[in-house]
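Reader: I am new to this one. Could you show it to me and take a few questions?

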Amino acid sequence: MDDANMCIATAISLLMILICAMATYGAYKQHAAWIIPFFCYQIFDFALNTLVAISVLVYPNTIQDYLRQLPANFPYKEEIMAVNPTCLVVIILLFISIILAFKGYLISCVWNCYRYINGRNNSDVLVYIATNDTAVLLPPYEDPANAAGKDPPPPYVSA
């Protein structure tokens, strides 16, 4: 790597650290807007990985070309090149599919965190949290008829 590539890699790494720190701070302090840059990064990363999967599917011969360009001392290079190209494409697509499924799960986790914090900060939405060791009682039910000053209907009595 030359100095220009090293400078770009350092800048990208510092930007990623900043975005992750913003998401952590936003989740901790419950500021939903601080989570959005990390969510956008995740969507962008998912889209790029999806394009890689599509390119492997559309151009399967590029895998063999890529393997030929690897250095001679790359571990297991000969064994990987000996595998049937169709089988190699299936293995790589399976691996990429597992990675995409995991990334999709992480995207949904961040989105649910954003929605939770956004709903918690919204005064129209009440959030009740109940765990196994504590029970939270809901506020008493008010009948709309009573709230308007009308008498409630008589209780149903079976004959």
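Author: Start with Asp65, in a model that is predicted. Asp65 has a relative accessible area of 37%. Buried means under 20%, and exposed means over 50%. The value for Asp65 lies in between, so Asp65 is partly exposed.

Reader: Which residue forms a salt bridge with Asp65?

Author: Look within helix α3, residues 61-69. The partner is 3 residues from Asp65, so about one helical turn separates the two. The closest N and O atoms are 2.6 Å apart. The partner is Arg68.

Reader: How many salt bridges are found in the whole structure?

Author: One is the pair of Asp65 and Arg68. Another joins the side chains of Asp45 and Lys103, at 2.3 Å from N to O. That pair links distant parts of the chain, 58 residues apart, with Asp45 in helix α2 and Lys103 in helix α5. The search of the whole structure gives 2.

Reader: Is α2 roughly parallel or antiparallel to α5?

Author: The axes of α2 and α5 lie 10 Å apart. The helices pack at an angle of about 165 degrees. Angles over 145 degrees count as roughly antiparallel. Therefore α2 is, relative to α5, roughly antiparallel.

Reader: Is Leu57 buried or exposed?

Author: Leu57 sits in helix α2, residues 36-58. Leu57 also helps make a nonpolar surface patch of about 750 Å², along with residues including Phe44 and Tyr59. Its relative accessibility is 57%, so Leu57 counts as exposed.

Technical notes
Residues numbered from 1 in each chain as written. Predicted model: local features only at pLDDT ≥ 70, side-chain atom pairs only at ≥ 80, totals over all residues. Heavy atoms only, no water. Patch = residues over 30% accessible without salt bridge, like charges linked within 9 Å, V, L, I, M, F, W, Y side chains within 5 Å. Areas by Shrake-Rupley, 256 points an atom, 1.4 Å probe, with all protein chains shown as cover. Salt bridge = Lys/Arg side-chain N within 4 Å of Asp/Glu carboxyl O. Helix = DSSP H or I, 4+ residues; strand = E, 2+ residues; numbered from the N terminus. Buried < 20%, exposed > 50% of the residue type's maximum accessible area, 1.4 Å probe, protein only. Axes fitted to C-alpha atoms, helices over the stretch in contact; angles between N-to-C directions. Parallel < 35°, antiparallel > 145°, perpendicular 65-115°, else oblique.
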